[in-house]
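Please look over the sequence and the predicted model shown below before reading on. The report is written for a reader who wants to follow the ligand site residue by residue.

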Amino acid sequence: MKHSIILKPNQIFGLILCATQTPRSVVKSFSSRRQLQFQSRRASVSAKMANPTVNDSAKKSITHVIFDMDGLLLDTEKFYTEVQEIILSRFNKTFDWSLKAKMMGKKAIEAARVFVEETGISDSLSAEGFLVEREAMLQSMFPTSELMPGASRLVKHLHATGVPICVATGSHKRHFELKTQRHGEIFSLMHHIVMGDDPEVKQGKPSPDIFLAASRRFEGGSVDPSKILVFEDAPSGVLAAKNAGMSVVMVPDPRLDSSFHETADKVVTSLLEFDPIEWGLPPFTD
Ligand SMILES: O=P(O)(O)OC[C@H](O)CO
Ligand SMILES: [Mg+2]
């Protein structure tokens, strides 16, 4: 008897993109279904292709936590927005949140390609040229980075109660150093930090590379992704966590279209709103 598999158009597109961008992940995709979420219409992140929300018993099995950095622990997304607005104004164009949603969380060169192509300025400004142009502005802004509300409280709480924590950021090392120079106390509590220019991070978010690399570096070796809770602000980051088989709490900027919320297992307006009990983690005592 013949068997046939019928895929929807967006699933076919997702598989093609997986095959061209992340061959290692494609192998996993057929057993997990999650890879089908990898891409969507117009190569942007889609919240419509959402995973089912994790059930209560899965939530209670969380043992480890991974934090995103830009826009989640640190209020640094505003710097990227500002320099992109400045550069686009030279071309009499405006920057908006639909473009922001496609760029945020990604590795610099990957976000840069999205920027010049989506705005139609690639004939005048290359992705590499864009990165050079914005660099001086960013270097002056990053040292002023501030923590997001609730970041210090949550990181200190998890560390104090013995929950292993780490950071997985698309930001590369040079920028990481500038952004965190006033926040050594918080970042020193992390067991490890994986950055976008790490050799194990072949593809930026929404590839699962960075979260899987982070999961392998905890004390005692590789941690089962189903026991890991990720905190993210970006659509590409939420998708990366789901592609890695992890649970994810999203803390989105209120200007981000709410359709991007659907992929997350939980959405909170601020880290202050997060309740550890819901995930089987030690309760706050303050
Ligand atoms: O959100 P992060 O920490 O992965 O950083 C990604 C880029 O550096 C900024 O969008
Ligand atoms: Mg982020």
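The text that follows describes the surroundings of the ligand in this predicted model, and then the cavities.

**The shell around ligand 1**

Ligand 1 is surrounded by 13 residues, and the closest of these are Asp 68, Asp 70, Glu 77, Thr 169 and Gly 170. Sorted by class, the shell consists of six charged, four polar and three nonpolar residues. Because domain 2 (57-74 + 147-279) and domain 3 (77-144) both contribute residues to this shell, ligand 1 lies between the two domains.

**Polar contacts**

The table lists polar contacts in which an oxygen atom of ligand 1 takes part, with the protein atom named by its kind.

| Residue | Protein atom | Distance to an oxygen atom of ligand 1 |
|---|---|---|
| Asp 68 | polar side-chain atom | 2.8 Å |
| Gly 105 | backbone N or O atom | 2.9 Å |
| Thr 169 | polar side-chain atom | 2.6 Å |

Taken on its own, ligand 1 has 300 Å² of accessible area, and the protein covers 95% of it.

**The cavities**

How many cavities of 30 Å³ or more does the model contain? The count comes to two, and the largest cavity is the space that ligand 1 takes. This largest cavity holds about 240 Å³ of space, and its lining is made up of 20 residues, among which Glu 77, Tyr 80, Met 103, Gly 105 and Lys 106 lie nearest the centre. Glu 77 is thus named both among the residues closest to ligand 1 and among those nearest the centre of the largest cavity, while Gly 105, also named near that centre, places a backbone N or O atom 2.9 Å from an oxygen atom of the ligand.

How values were computed:
Residues are numbered from 1 along each chain as its sequence is written. Chains are lettered from A and ligands numbered from 1 in the order in which they are written. This is a predicted model: local features need pLDDT of at least 70, side-chain atom pairs count only at pLDDT 80 or more; totals for chains, interfaces and linings use all residues. Side-chain values use heavy atoms; hydrogens and water are left out. A residue is near a molecule or strand if one of its heavy atoms lies within 4 Å of it. A polar contact is a pair of N or O atoms within 3.5 Å; within protein, one must be able to donate a hydrogen and the other to accept it, and residues adjacent in sequence count only if both atoms are side-chain atoms. Accessible areas come from the Shrake-Rupley method with a 1.4 Å probe; for residues, only the protein chains shown count as cover. On a 1 Å grid over the protein atoms alone, a cavity is a set of points where a 1.4 Å probe fits but cannot get out, and a pocket is an open set with protein on both sides within 12 Å along at least five of seven lines; lining residues have an atom within 4 Å of a point. A molecule sits in a cavity or pocket if more than half of its atoms lie within 2 Å of its grid points. Ala, Val, Leu, Ile, Met, Phe, Trp, Tyr, Cys and Pro count as nonpolar, Asp, Glu, Lys and Arg as charged, and the others, Gly among them, as polar. Domain bounds come from an automatic or database domain assignment. Grid points are joined across faces, edges and corners, and a volume is the space filled by probe spheres set on the points.
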